Amino acid sequence: MNQPRIDTSPKVSDEIRKTTCYMCACRCGINVHMKDGKVAYIEGNRDHPVNKGVLCAKGSAGIMQVNAPSRLRAPLKRVGPRGSGQFEEISWDEALEIATGWLAPIRATNPEKLAFFTGRDQSQSFTSYWAQSFGTPNYAAHGGFCSVNMATAGIYTMGGAFWEFGQPDWEHTKLFLLFGVAEDHDSNPIKMGLGKLKAKGARVIGINPIRTGYNAVADDWIGITPGSDGLFILSLVHVLMKAGKIDLDYLARYTNAPVLVNCDPASAEHGLFLRDGDGKPLVIDRDTGQLAPFDRKGLRPDLGGTLTRDGITHRPVFHLMADRYLAPEYAPEAVAERCGITAARIRAVAGEIARVAFDEAFELPLEWTDFRGETHKTMKGRPVSFHSMRGISAHANGFQTCRALHVLQILLGTVEVPGGFRFKPPYPKPAEAHPKPHVGVNPGQPLNGPHLGFVHGPADLALKDDGSPARIDKAFSWENPMSSHGLMHMVISNAHAGDPYRIDTLFLYMANMSWNSSMNTSGVMKMLTDQDAEGNYVIPRIIYSDAYSSEMVAYADLILPDTTYLERHDCISLLDRPISEADAAADAIRWPVIEPDRDVRGFQSVLCELGARLNLPQFTNADGSQKFADYADYIVNHERRPGVGPLSGWRTPGETGSGKGRGGVNPDQLDEYIANGGFWTRHIPEASGYYKPWNMAYQDWAVETGLYDKPLPYLFQLYVEPLRRFQLAAEGHGERQPPDHLRARIGEQLDPLPIWYDTAPATGDFPVHALTQRPMAMYHSWGSQNAWLRQLHGRNPLYVPSKLMRQHGLSDGDWARVTSPHGAIVVPVMEMAALNENTVWTWNAIGKRKGAWALEPDAPEATRGFLLNHLIHELLPEKGDGQRWANSDPVTGQAAWFDLRVRIEKVAAPSESQPAWPPIASPVGQGPKELKWESGK
Amino acid sequence: MTELPASTTRKMGLVIDLDTCVGCHACVISCKGWNTENYGAPLSDQDPYGADPSGTFLNRVHSYEVQPDQGAAQLIHFPKSCLHCEDAPCVTVCPTGASYKRTEDGIVLVNESDCIGCGLCAWACPYGARELDQAEGVMKKCTLCVDRIYNENLPEEDRVPACVRTCPAGARHFGDFADPESNVSQLTAARGGIDLMPELGTRPVNKYLPPRPKDQLEGQIDILAPLLAPVVEEPTGFLGWLDRTLGRL
């Protein structure tokens, strides 16, 4: 038979350029194949610590992002009314002159009049440095509306959380439980990990109201009712504790379970730890029965002992936990109905956890020495691990729920042990080792310290002398004392209301605040365009930087067009949100593998120039000239501390360090990164890889690498004393006092031991929970402009469980009105059986405003797509107490997206999803009618 | 009418693990990217930014809900591309000989220079695994990355189809089914790999590993319940248990 001869060894490309992906926040390594100087094909980098060669759909579709018609082309000045999308192109010089003209007077008189918030920024250590140099207290990124509950609860509890902070020990774990995961967080590593577990037959349990994605492949699916995860977890704690299936040795050695707590309700220190003269928490030594600081050499802390001194009884934390969690209110039978899980199922999950953690415990032959000087011949492992993200954290009880999950892991003794959860450098790092928030504002001067951080009591709150919030987002105020990531979702509504004060300029980067990144989207659009009696905008000036023609562009006065991710320098820094693995510290760069073909500039380079134009001290030389030519110059030459810069790799050995993490500036540093595939790793010695918070070999390695300045061994905080300090204030103790209307709530909800309270009972007029998820193949709103990805997820029906479909007489393709206490939308529905029977959901951020993203006005994203955001308000309805409480977590201020409850009813099909908005003018026109893409042809 | 080879030396193909596929579409887009740049005409997209975007894909992931007799509904992600059948109806139906099955490895290909775009092969394929490119007017299908798997310009470890190289969960495996010792033969044997619609007699080379049974934990409660026996009956006795247990540590 005659077969055609084909070339099975064609040339693949001219060159491979290795950089870091930015199609979501995972930061995988990519090989960019170039043909004739153009991007031809993108694949995963096999050597890269994050993705080890694999790449998701978004990453492979990067080529269509780089060629997207929605890319902004030049700086824009608004010429029509705000929201119209009418702009004229201007030069960079004019753009920067306008920005300088607005910002210089603010800095000279009152820097707090600038609110600078940076969305899904991967350069927060740089943008915050710029904001600090400017002097405004009003800086944060998007953590407040993302997953700050998870991060903050983790850091206060154990010095780290999931994703960037740590990962399961995929090699050894045998039981993996996922709670409410957002599948674009750590997505390739989780998929790779699930694949490993599947290959060796480990069990995966998914706890999620929706059975898609990871939950679809889970061996067991627990279709929990939204908002009740904390109750379910505390029920597991109840059952395990009652059965003695907790690791008492681990609790005694590595946690504050044995620390003594003042139990005298009449004392001003009620609920605080007993401390020695150096402020160290005290425990009882089992060998001597005497008090000792927790870290004394050779100490054996006693979990059971109590002490009465000066008439005051001090009990160990563990006693308080037993009092609380053995109570019948946490029994499976008591929580089953609220959680939507049978008591038998809760017991089965607890039993499996107990079986694997204790019957399958194992030891690795690794000798190590702990911080009390004791050498252990082996490392004990407990092969149970957990992962969770926004699903459990985006509730107003999310902080306590995340705390509960971390406490469960710790009770099992499965954090930082083989088979369990492992931190990634620079974590573990306790809350005390992080900065505190700073709000010291002086005209013409930098801020007095970093904006964001961790508070340890009322004294650390960001309040003005009159007690009012110092920040525009009211972060670190009594309303949400531990808001470590700020509250980006409150900035526009607070600025519009002039509460706590008015601002002049709102400066945003990469945050689609007039669309899918805001609650109350319709209201936000109105706030951005609202005018006062004189016809001036209530928010006077808005500067926005984005690479694409997003919905937010139309609402700004000045647009600074950013580059795409293949046209820029970036650093994925250990000072920021690093890409480390449990066995290695790692950081990475992006570099321009192609040059922009438009008049656009990397936003960080623009800040270098704007900083110099504003004479910011950190961005200006002594002679007044610009200090950093661009972001690349900053990345190489900036030192945050002597020997510690944005990048840890290939530093110059010398006085400030060995060059292995710490060291002097190396002018060839970026070239070294490029030659190494765009990243740097430093491996942790094997015997330092577990028990890291207490393992002195790790602690010394971390100091040498520049992660710490001195060893920082610490105890896991089952009981978080800073929460208790806020409660004490609410009880009337101390000088700084909360407003009276907040006292009861602080007393109830800022409990130092995890609790659960109901924030989302689906009853009465709104009997159905409503959630969103992001598809694995699309990141926020970015994917919809991508010609390949929008063919996968161009539509987002409301998925309705079978029971509700029947109840409301709905069939696939019908339309329903979905009503919340705040508003109504009319949307297409589709039946889904693998779904909690009282929950509806849709894909987030598929819905688009007509005219945005260079899509045609009849694109399905704009005609049938929709956002649930219209149904969610920043404030909750009045509940009879005269207050409209924030729709946020009372501890951290995290946006409580997933507390949404609705009712649905069938309606006649409208011509398009409601509410429908008029088109905005596209500043970039529209895309081509056909793509027949082939590079090098 | 085009003839199939009586046999092929090797039978190259894929094992797709339905127990592990999370439905992320990584394989779909990696395939689109590679095959847009490589074998044959690029995979075009019509109305890419408009009301009804529609492009050519050689691999797609479908998702199906399954309601078992007992227990909760399940969602199965089902990636689908050409199965490189041994008795490939798409080849025998081709009027020009453009569709053929390679004798050396069994890969089914379309010789685009002979393809008249009549679409008979897509009609004959019971799996819907062929798509006519609307810009080029030729039939497109999975080539098993014939321009990767032997490509001496690629490192040896990369000589696998793009979908296999990129799959984050490791749900896709590539190898020679004619070799009983190969990774794909072994996996198929160990996990009970199945043919897709075997009753059609197409004898597909690609195999699917079925999902493992789900939601079994509650059924094991007899084994698990003794692990949860309370250490004491009354909460007040817990501290006594604690003291006794600590004494033994």
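**Exercise 1. How many residues does each chain bring to the contact of chains A and B, and which helix of chain A gives the most?**

Start with the totals: chain A puts 88 residues into the contact and chain B puts in 78. Two residues count as in contact if their C-beta atoms, placed from the backbone, lie within 7 Å. Next, look at who contributes: on the side of chain A that touches chain B, helix H12 (residues 343-359) of chain A gives the most, with 10 residues. Helices here are DSSP runs of H or I with at least four residues, strands are E runs with at least two, and both are numbered from the N terminus. Then sort by class: that side of chain A has 47 nonpolar, 20 polar and 21 charged residues. Nonpolar covers Ala, Val, Leu, Ile, Met, Phe, Trp, Tyr, Cys and Pro, charged covers Asp, Glu, Lys and Arg, and the others, Gly among them, are polar.

A quick word on the model: it is predicted, local features need pLDDT of at least 70, side-chain atom pairs count only at pLDDT 80 or more, and totals for chains, interfaces and linings use all residues. Residues are numbered from 1 along each chain as its sequence is written, while chains are lettered from A and ligands numbered from 1 in the order in which they are written.

**Exercise 2. In which sense do strand S35 of chain A and strand S2 of chain B pair?**

S35 (residues 930-931) of chain A and S2 (residues 45-46) of chain B pair in the antiparallel sense, over two bridges. Pairing requires at least two DSSP bridges between the strands. To find the spot, go to Leu931(A), which stands opposite Asp45(B) in S2(B).

**Exercise 3. Is helix H14 of chain A buried or exposed, and what span should its residues have?**

First, the span: 14 residues (398-411) at 1.5 Å a residue should cover 20 Å, and the end C-alpha atoms of H14(A) are 20 Å apart, which agrees. The expected span is 1.5 Å times one less than the number of residues. Second, the surroundings: 14 of the 14 residues are buried, so H14(A) is largely enclosed by the rest of the structure. Buried means 20 or more other C-beta atoms within 10 Å of a residue's own, exposed means 12 or fewer, and partly exposed is in between; C-beta atoms are placed from the backbone. Finally, Gly413(A) follows H14(A), with a positive phi near 70°.

**Exercise 4. Which strands pair with strand S25 of chain A, and which residues stand opposite Ile559(A)?**

Take strand S4 (residues 76-78) of chain A first: S4(A) and S25(A) pair in the antiparallel sense over two bridges, with Leu76(A) opposite Ile559(A). Now strand S24 (residues 541-546) of chain A: S24(A) and S25(A) pair in the parallel sense over four bridges, and Tyr544(A) stands opposite Ile559(A). Last, check the faces of S25(A) (residues 558-561). Leu558(A) and Leu560(A) on one side and Ile559(A) and Pro561(A) on the other are all buried, leaving both faces covered.

**Exercise 5. How many residues lie between strands S2 and S3 of chain A in their hairpin?**

Two residues lie between S2(A) and S3(A), and Asp36(A) in the turn has a positive phi of about 50°. S2(A) (residues 29-35) and S3(A) (residues 38-44) pair in the antiparallel sense over six bridges. Lys35(A) has Lys38(A) as its bridge partner in S3(A). As for cover, six of the seven residues of S3(A) are buried.
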